Amino acid sequence: MIEIRNLSKRYGNLLAVDDISFRVEPGQVLGFLGPNGAGKSTTMKMVAGFLAPTAGSIKVAGFDVIEQPMEAKRRIGYLPEGAPAYGEMTPRGFLDFVADIRGLDGDVRRKRLDEVVGRLNLQRVLDQSIETLSKGFKRRVGLAQAILHDPQVLILDEPTDGLDPNQKHEVRSLIQDMAKDKIIVISTHILEEVHALCSRAIVIAGGKLLADATPAELERRSRYHGAVSLTTKDTPQVVEALRGLSEVAQVEIDARDGRITAFPRAGVALFPVVSELIRNRNFPVDELAFESGRLDEVFRQITVSAQGERAHA
Amino acid sequence: MKSATWSIFRRELAGYFATPVAYVFIAIFLILASAMCFYMGGFFERGQADLAAFFAFHPWLYLFLVPAVAMRLWAEERKSGTIELLLTLPVTTWQAVLGKFLAAWAFIGIALLLTFPVWITVNYLGDPDNGAIVAGYIGSLLMAGAFLAIGSCLSAATRNQVIAFILTVVVCFLLLLAGYPLVLDAFSAWAPQAIVDGIASISFLTHFQAISKGVIDLRDLVYFGLMIGAWLYASALVVEMKKAD
């Protein structure tokens, strides 16, 4: 379990993290969302024991990160932003070094090394110096280092940043595989990733915790939630008909691709109504979609207003 | 406790030899050490079977070569971001400072050991006091350690290796000459005599020369021990303080 209470970090005049509190239970994958400079990395650095908080407390698996740093660090696997590693070393040498420091030896050590090398497909590059590896491999070496000791808690700062779509997919399935019995905290800019990976999302901007909910709950805050969108050759007529429905609050037409979106009045299930309308009137509809909500819109809504406040303050 | 320092020590020492820099450094050290000894020191002309001419130039050789080794100790970790990785492993700051320092010291020790042909030469040519030569080596290694501890601290203070190098050279130069008019004159005009004496007593050169004459005095050993310990302690403080930026 991770337990964070009233955590703050101040750099000179800048309050990078402002009184954040939350808990994470085993089995949860927590996504940290926020614009650049929101305080995500700073928070993760404090949880990992790299930076000391200005105020507040952090407990990891029952150990206070400040009072008992060694006990806490033993239970954490951490991938810093950009996956730094010693460039002149080979992945083999680097993982051996981490295994040494983590105190792994004998059979356990061999098994764990084999396991992470296999899981991250590092066999081919084991004896090549890290500085000559591609970005994808460097990231995988960083991940291998983080999961080597099979930690209870994984803190991954932008684990898929800069990877190509295939590599992103690999890293995501790796995280999903490990999610069952661990606590995983990842930070990301990629909202689809929150959807694909996280059981919970925390939105931070300007150092403040602005939202703490499941991705589905966040989507429900979107004005697109429950909306119906469609494309048709007969736009004017369809728009006219949609506007005539009492369940529809508003109709918008995308100027670029002509997509029509109908927004429901509060608490109304719009999809069956619209599909019935299309069937009855026999409209030539190419595509009909139910909108569960748009995370990017919710994200903007939450973070932009917070930053505006901050700029005025 | 011991094993983390040991792991860091091994990684760092292997790191020196992973690049050609280590071999270039050792070659330059050996060439300069022998050139200074045989040409500038007048090793043969002195007609004495000892290594005084050899050790006399070590402080000046170290003044530039040790800061070159020390400058990357922490500046590079901070620049590449690996400091974040290292210090979130179950390692204390002190273990990391110590492991890195000992590896750099061992590296310089290896370079120093490789000057053994000079020792063979002087034994072949005459009948030197080998006890005094051992003392000279010990003094030389201790002084290198003190320079290195200073370099470790200043390397932790910046992420720029060039700045770390220059600062270390300047501080080492001042400490080297603390017992000489160049430095003392700046203080003797206004400071009380006790302070001037105090400054004079922290001179590297006086303590080094005492040892390299073959007299291992406990006070000189304590001096170098304290010097190394204090600068390493300061290194740990600076690493803690500066790691955030």
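Visitor: Is B:Arg72 buried, partly exposed or exposed, and why?
Guide: Happy to start there, bearing in mind that this is a predicted model. Buried would need under 20% relative accessible area and exposed over 50%. B:Arg72 has 23% relative accessibility, so it counts as partly exposed.

Visitor: Which residue does B:Arg72 meet in a salt bridge?
Guide: Look along helix α5 of chain B, residues 72-80. The partner lies four residues from B:Arg72 in that helix, which means about one helical turn between them. This partner is partly exposed, with a relative accessible area of 34%. The closest N and O atoms of the pair are 3.9 Å apart, and the partner is B:Glu76.

Visitor: Which residue forms a salt bridge with B:Asp217, and is that residue buried or exposed?
Guide: B:Asp217 itself is partly exposed, at 25% relative accessibility. Its side chain meets that of B:Arg219, at 2.9 Å from N to O. The relative accessible area of B:Arg219 is 64%, and the cut-off for exposed is over 50%. The residue is therefore B:Arg219, and its class is exposed.

Visitor: Where in chain A is the residue that forms a salt bridge with A:Arg223?
Guide: A:Arg223 sits in the loop between α8 and β11 of chain A. Its salt bridge is with A:Glu252, with 3.2 Å between the closest N and O atoms. The two are 29 residues apart, so the pair links distant parts of the chain, and A:Glu252 lies in strand β12, residues 248-253.

Visitor: How do A:Arg223 and A:Glu252 stand on accessibility: buried, partly exposed or exposed?
Guide: A:Arg223 has a relative accessible area of 37%. For A:Glu252 the value is 26%. Partly exposed covers what lies between under 20% and over 50%, so A:Arg223 and A:Glu252 are each partly exposed.

Visitor: What does the side chain of A:Ser222 make a polar contact with?
Guide: A:Ser222 is in the loop between α8 (215-220) and β11 (228-232) of chain A. Leaving out residues up to four places away in sequence, A:Ser222 touches A:Gly293, A:Arg294, A:Glu297 and A:Val298. One of these is the partner, at 2.6 Å from side chain to side chain: A:Glu297.

Visitor: Why does A:Ser222 count as buried?
Guide: The cut-off for buried is under 20% relative accessible area. A:Ser222 falls in that class because its relative accessibility is 5%.

Visitor: What distance separates the centres of the two domains of chain A?
Guide: The domain assignment gives domain 1 as residues 2-220 and domain 2 as residues 228-291. Taken over C-alpha atoms, the distance between their centres is 43 Å.

Visitor: Which three residues of chain A supply 33% of the area that chain A buries against chain B?
Guide: Let's build up the interface first: 23 residues of chain A are in contact with 25 residues of chain B. The area buried between the chains is about 2,300 Å², with carbon and sulfur atoms giving 68%. On the side of chain A, three residues supply more than any other three: A:Phe50, A:Tyr86 and A:Ile101.

Visitor: Which residue of chain A forms a salt bridge with B:Arg10?
Guide: Side chains of opposite charge can pair when their charged atoms come close. Between chain A and chain B the count is three salt bridges. In the one with B:Arg10, the closest N and O atoms are 2.5 Å apart, and the partner is A:Asp100.

Visitor: Which helix gives the most to the side of chain A that touches chain B?
Guide: Seven residue pairs are in polar contact across the interface. From chain A, α2 (69-74) and α3 (91-101) each supply at least two residues of the side that touches chain B. The residues of that side divide into 15 nonpolar, two polar and six charged. With five residues, the helix that gives the most is α3(A).

Visitor: Which residues of chain A does B:Glu84 touch?
Guide: B:Glu84 is in helix α6 of chain B, residues 82-88. With a relative accessible area of 9%, B:Glu84 is buried. The residues B:Glu84 touches are A:Lys45, A:Phe50, A:Tyr78 and A:Pro80.

Definitions and conventions: Residues are numbered from 1 along each chain as its sequence is written. Chains are lettered from A and ligands numbered from 1 in the order in which they are written. This is a predicted model: local features need pLDDT of at least 70, side-chain atom pairs count only at pLDDT 80 or more; totals for chains, interfaces and linings use all residues. Side-chain values use heavy atoms; hydrogens and water are left out. Domain bounds come from an automatic or database domain assignment. Contact means heavy atoms within 4.5 Å. Buried area is the accessible area (1.4 Å probe) that two parts lose on being put together, summed over both. A salt bridge is a side-chain nitrogen of Lys or Arg within 4 Å of a carboxyl oxygen of Asp or Glu. A polar contact is a pair of N or O atoms within 3.5 Å; within protein, one must be able to donate a hydrogen and the other to accept it, and residues adjacent in sequence count only if both atoms are side-chain atoms. Ala, Val, Leu, Ile, Met, Phe, Trp, Tyr, Cys and Pro count as nonpolar, Asp, Glu, Lys and Arg as charged, and the others, Gly among them, as polar. Buried means under 20% relative accessible area, exposed over 50%, partly exposed in between (1.4 Å probe, protein chains only).
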